[in-house]
Amino acid sequence: ILTVGSVIFGVVLLLVSLLASAQTLGNKSGSITDRRFYVGTKILPDHILYPFVMIADKVLLTTTIGEARVLLQINLAKDRMFSAQQLMTSNQEELAVSTLTKSQKYLLLAATEYAQLRGAAQHATKTQDLAQLQQLQEALVIALEDNIYHTVQIQSQLQVVDPSVVADLLTQSQA
C-alpha cells in the first residue's frame with residue numbers, strides 16, 4: 001500500500017509541476033510565483049491546482065450534450081463570476097477581469113447552443129421540448145442579467161485595469 005501510495009503521490013507531484021511549468025511558459029501575464037496554495041476555501045484561478053479544475057470543466061463540457069450542456073455552461077459562468085468577485089476582493093484585478101471574460105464566454109456559448117436547440121425543436125414541433133426550452137431560456141436570461149449586474153459592480157471597483165475592457169464585455173452581454 002505504501003508503494004502504491006508513493007507512486008500515486010509522485011505522479012500527482014509530477015503532473016502539478018508540469019502543469020505549473022506549462023502555465024509559466026504559456027502565460028505572459030503571470031508566472032508560477034503568482035499562483036498560491038491555500039486550503040479550506042474555493043479553488044480560484046490563482047491557486048496552484050486550478051489547472052485541474054479547468055481540465056475537469058473541459059471533460060464535463062465534452063461529455064455533456066443538449067439542454068444539460070447549456071445548464072452546465074450557465075453554472076460554469078456563475079462559478080467564474082463568483083471567482084472574479086473573490087479575486088477583486090483580494091486585489092487581483094487583472095485575473096478577475098480575465099475570469100470575468102471566461103464567465104461571459106460561457107454565457108455566450110450557452111446562448112448560442114440554446115438558439116440551436118430552440119431551432120431544432122421548432123422544426124420538430126414537439127410541444128414538450130418547447131416547454132422545456134422555455135424554462136432553459138428563463139434560466140439563461142436570469143444568468144445574463146445577473147452577469148450584467150455583477151459586471152457593472154466589478155467595473156466600478158477597477159483601479160488598475162482599464163474600465164473600457166469591461167465596458168466591452170457589458171456591451172456584448174447586453175446585445
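**Close-up views of a six-helix predicted model**

Buried residues make up 32% of the 175 residues in the protein chain, and the model shown in these views is a predicted one.

**View 1. The protein chain as a whole is built from six helices and zero strands**. Read from the N terminus, the elements follow the order α-α-α-α-α-α. The accessible surface of the protein chain amounts to about 10,700 Å², and 62% of this surface belongs to carbon and sulfur atoms. When contacts between residues at least 6 apart in sequence are considered, 59% of them join residues that are at least 24 apart.

**View 2. Ser103 is a buried residue of the protein chain, with its surroundings drawn from other parts of the sequence**. Ser103 belongs to helix H4, which spans residues 93–124. Its relative accessible area is 0%, and because buried means under 20%, Ser103 falls in the buried class. A polar atom of the Ser103 side chain lies 2.8 Å from the backbone oxygen of Ala77. Once the neighbours within four places in sequence are set aside, the residues in contact with Ser103 are Ala77, Arg80, Met81 and Asn147. One of these contact partners, Arg80, is itself buried, with a relative accessible area of 2%.

**View 3. Lys42, Asp57, Asp79 and Arg80 are joined in a network of salt bridges**. Side chains of opposite charge can pair when their charged atoms come close. Within this network, Lys42 is paired with Asp79, and the closest N and O atoms of the two residues are 2.8 Å apart. Lys42 is located in the loop between H1 and H2, whereas Asp79 is located in helix H3 (residues 66–89), so this salt bridge ties together parts that are 37 residues apart in sequence. Asp79 also forms a salt bridge with Arg80, for which the closest N and O atoms are 3.2 Å apart. The members of the network shown here vary in their accessibility: Lys42 is partly exposed at 30% relative accessibility, Asp79 is partly exposed at 25%, and Arg80 is buried at 2%. Arg80 therefore takes part in the salt bridge with Asp79 as a residue that counts as buried.

**View 4. Arg69 and Glu113 meet through their side chains in a salt bridge**. The N to O distance in this pair is 2.9 Å. Arg69 lies in helix H3 and Glu113 in helix H4, and the pair links distant parts of the chain, the two residues being 44 residues apart. Glu113 has a relative accessibility of 17% and, because the buried class is defined as under 20%, Glu113 counts as buried. The count of salt bridges in the model comes to four, and the pair of Arg69 and Glu113 is one of the salt bridges.

**View 5. A nonpolar surface patch of about 490 Å² is made by six named side chains: Val7, Val11, Leu15, Phe52, Ile55 and Val59**. Two elements give two or more residues to this patch, namely helix H1 (2–26) and helix H2 (50–63). Phe52, one of the residues that make the patch, has its place in helix H2. At 32% relative accessibility, Phe52 counts as partly exposed, and because patches are made of residues with over 30% relative accessible area, this value is consistent with the inclusion of Phe52 in the patch.

Note on methods: Residues are numbered from 1 along each chain as its sequence is written. This is a predicted model: local features need pLDDT of at least 70, side-chain atom pairs count only at pLDDT 80 or more; totals for chains, interfaces and linings use all residues. Side-chain values use heavy atoms; hydrogens and water are left out. Helices (H or I, at least four residues) and strands (E, at least two) are DSSP runs, numbered from the N terminus. Buried means under 20% relative accessible area, exposed over 50%, partly exposed in between (1.4 Å probe, protein chains only). A polar contact is a pair of N or O atoms within 3.5 Å; within protein, one must be able to donate a hydrogen and the other to accept it, and residues adjacent in sequence count only if both atoms are side-chain atoms. Contact means heavy atoms within 4.5 Å. Patches are made of residues with over 30% relative accessible area and no salt bridge: like charges are joined within 9 Å, nonpolar side chains (Val, Leu, Ile, Met, Phe, Trp, Tyr) within 5 Å. Accessible areas come from the Shrake-Rupley method with a 1.4 Å probe; for residues, only the protein chains shown count as cover.
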